[in-house]
Amino acid sequence: MTDITEIAADIYRISTFVPEANVQFNQFLVRDEQPLLFHTGMKALFPLVRQAVSTVLPPETLKWIGFSHFEADECGALREWQELAPRSTALCSIVAKLVSVDDVVAARPAQALEDNQRLETGRYRFRFLQTPQVPHAWDAGLLYEETTGTLLCSDLFHHNGNVQPMTTSDVVGPFKDMLRAYQRGPFAYYLPYTPQTKPTLERLAALRPTVLATMHGATFVGNGEQAVLDLAQAMEDVLSNVCHEQKN
Ligand SMILES: [Fe+2]
Ligand SMILES: [Fe+2]
């Protein structure tokens, strides 16, 4: 079951709950002069996501297909989207483009963005933030939409369950629960905790976002600065202790 919710003006959250994994996979569609999709989802989701996009705009008019890092839920259906939308271009970090995307999945060369580079899609203004290993992967980056205060934050704030599309309640507690649960199973070390983690998250908090659009879970609306700082603390609590315990 895939549903679609407008989380900010002309920014839509497309969500499919996968019960086997007890997790939602969300994509974000921005309706603007140059329509943008952030995350494609896996190939298996393509028909569902295409159908959801078509309720907002003609899918073949997509211009930008952005994502944080090279991974199936981020860009697995990039090729399918590019075949459907002939003028679409992948949007990612320089590392993602050079290391994986152009060779493995893109139908056409991706548009790489440098840290802090701006992209205007019409009335919306995006800023790209290069965030290596945050949420994870060397090639990671995030997009921040400045006029709505929307941070497209990929796996940050991941929480499990078939939750509501949007919330003003705490999402860091459920994120921490997910991290602890994953540490006990095959998904251990999902998110690395490195010397760059806290400074990177502090940089994101300083943007003072008001909408945190996570790939897995509810979109948080509220004091995003505090939420990101709380997230940094949660990661330190769970992951730095785990690393310490492992050393002993
Ligand atoms: Fe990921
Ligand atoms: Fe993900």
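Reading the assignments in a predicted model

Q: In this predicted model, why is Gln133 called partly exposed?
A: Gln133 has 18 other C-beta atoms within 10 Å, and since a residue is buried at 20 or more and exposed at 12 or fewer, Gln133 falls in between and is therefore partly exposed. Gln133 sits in the loop between β9 and β10, and its phi is positive, about 70°, although it is not a glycine.

Q: What makes the peptide bond from Val134 to Pro135 cis?
A: Its omega is near 0°; Pro135 belongs to the loop between β9 (125-130) and β10 (141-145).

Q: Why does Asp10 count as partly exposed?
A: Asp10 has 17 C-beta neighbours inside 10 Å, and because the buried class begins at 20 and the exposed class ends at 12, Asp10 is placed in the class between them. Asp10 lies in the loop between β1 and β2, where, in a hairpin with 2 residues between the strands, it takes a positive phi near 65°.

Q: How do you know that strand β1 pairs with strand β2?
A: Pairing requires at least two bridges, and 6 bridges join β1 (residues 2-8) to β2 (residues 11-18), so the two antiparallel strands meet the criterion. One of the bridge partners in β2 is Ile14, which is matched with Ile4.

Q: Why does the radius of gyration of the chain agree with a compact globule?
A: For 248 residues the globule rule gives a value near 18 Å, and the chain has 17 Å, so the two agree. The C-alpha trace spans about 55 × 35 × 35 Å along its principal axes, and buried residues make up 44% of the chain.

Key:
Residues numbered from 1 in each chain as written. Chains lettered and ligands numbered in written order. Predicted model: local features only at pLDDT ≥ 70, side-chain atom pairs only at ≥ 80, totals over all residues. Helix = DSSP H or I, 4+ residues; strand = E, 2+ residues; numbered from the N terminus. Rg over C-alpha atoms; globule rule 2.2 N^0.38 Å.
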